[in-house]
Amino acid sequence: MSRIGKKPVAIPGGVTANIDNGVLSVKGPKGTLTMGLSELVNYTVEDGSIAVKPVDQSKKARSHWGMQRTLVSNLVAGVTEGFSKVLEMKGVGYRAQMQGKTLKLQLGYSHDVDIAVPEGIEIKTPDQTTVEISGIDKQKVGQLAAEIRRWRKPEPYKGKGIKYRGEYIFRKEGKKK
């Protein structure tokens, strides 16, 4: 039995949710998010909360239950607070700057890496080695952060590369003389 799925998702003030033709839409102060609903789970919007229950006790329905509740929770959190990821760059000459709707990265290649910013995502570069990604859709924010990080993953010898803020890089020992 899902411990997460049992808890209903509270809808804070200023947020509205409705189910229409198999689509859950949540509207809040930061915008509107929609999600297609799974046929293995029942969703109900009642007295300030969204309840998620499995259709039956099959293994497949129960396995969808907790994940669907978490996705609904992410919709509500996104339209109220939003999500953000912070990337830090470490390395000689590694720099980032915004130019219009494009993030320009200098990562030691012979060319600059240009990354187009998707709709609904905001990127800030407070200094040359920090990139702050924010938006209301948790999946889009995380996906863009992972795509940027993929260009130069942190290496274990000197720790150079792009890492998430707070991420610990396991360092290897060098050669002993």
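These legends go with several close-up views of a predicted model.

**View 1. The whole chain, with its three helices and 13 strands.** Start here to get your bearings. The radius of gyration is 21 Å, well over the 16 Å that the globule rule gives for 177 residues, so the chain is more spread out than a compact globule. Taken along the principal axes, the box filled by the C-alpha atoms is roughly 65 × 45 × 25 Å. Of the 177 residues, 37% count as buried. The accessible surface adds up to about 11100 Å², and carbon and sulfur atoms own 50% of that. As for contacts with a separation of 6 or more, 50% of them link residues 24 or more positions apart.

**View 2. An open sheet of three strands, in the order β1-β6-β5.** Pairing in this sheet is antiparallel. The edges are β1 (9-10) and β5, each of which pairs on one side only. How many bridges hold β1 and β6 together? The answer is two bridges, in the antiparallel sense. To find the spot, look for alanine 10, whose bridge partner in β6 is serine 49. Helix α2 packs on this sheet and touches β1, β5 and β6. The direction of α2 makes about 165° with that of β6.

**View 3. The largest nonpolar core, with 21 residues.** Leu24, Val26, Met35, Tyr43, Ile50 and Val72 are the residues with the most contacts inside this core. Several elements chip in at least two residues each: β3 (23-28), β4 (31-36), β5 (41-46), β6 (49-54) and α2 (59-80). Which of them gives the largest share? That would be α2, with six residues. Apart from this core lies another one, of 19 residues, including Val117, Ile123, Ile133 and Ile162.

**View 4. Tyrosine 43 and the residues it touches.** Zoom in on one of the best-connected members of the largest core, Tyr43. Leaving out residues up to four places away in sequence, tyrosine 43 touches Ile19, Met35, Leu37, Ser38, Ala51, Val52, Gln68 and Val72. Two of these names, Met35 and Val72, should look familiar, since they too are listed among the core residues with the most contacts.

**View 5. Strand β12 (residues 130-135) and its pairing with β7 and β11.** Strand β7 (residues 83-90) pairs with β12 in the antiparallel sense over six bridges. One handy landmark is phenylalanine 83, which has glycine 135 as its bridge partner in β12. Strand β11 (residues 121-124) also runs antiparallel to β12, joined to it by four bridges. Here the pair to look for is isoleucine 123 and its bridge partner in β12, isoleucine 133. Both isoleucines also turn up in the core of 19 residues. To get from β11 to β12, follow the hairpin, which joins them through five residues.

**View 6. Tyrosine 157, in the loop between α3 (138-150) and β13 (161-164).** What does tyrosine 157 touch, not counting residues up to four places away in sequence? Its contacts are Arg171 and Lys172. For a sense of scale, pick out lysine 30 as well: its C-alpha atom and that of tyrosine 157 are separated by 42 Å. Along the chain, the two residues are 127 residues apart.

Notes: Residues are numbered from 1 along each chain as its sequence is written. This is a predicted model: local features need pLDDT of at least 70, side-chain atom pairs count only at pLDDT 80 or more; totals for chains, interfaces and linings use all residues. Side-chain values use heavy atoms; hydrogens and water are left out. Two strands pair if DSSP finds at least two bridges between them. A nonpolar core is a set of buried Ala, Val, Leu, Ile, Met, Phe, Trp, Tyr and Cys residues joined through side-chain atoms within 4.5 Å. Buried means under 20% relative accessible area, exposed over 50%, partly exposed in between (1.4 Å probe, protein chains only). Contact means heavy atoms within 4.5 Å. Axes are lines fitted to C-alpha atoms, for helices over the stretch in contact, and angles run from 0 to 180 degrees between N-to-C directions. The radius of gyration is taken over C-alpha atoms; the globule rule is 2.2 Å times the number of residues to the power 0.38. Accessible areas come from the Shrake-Rupley method with a 1.4 Å probe; for residues, only the protein chains shown count as cover.
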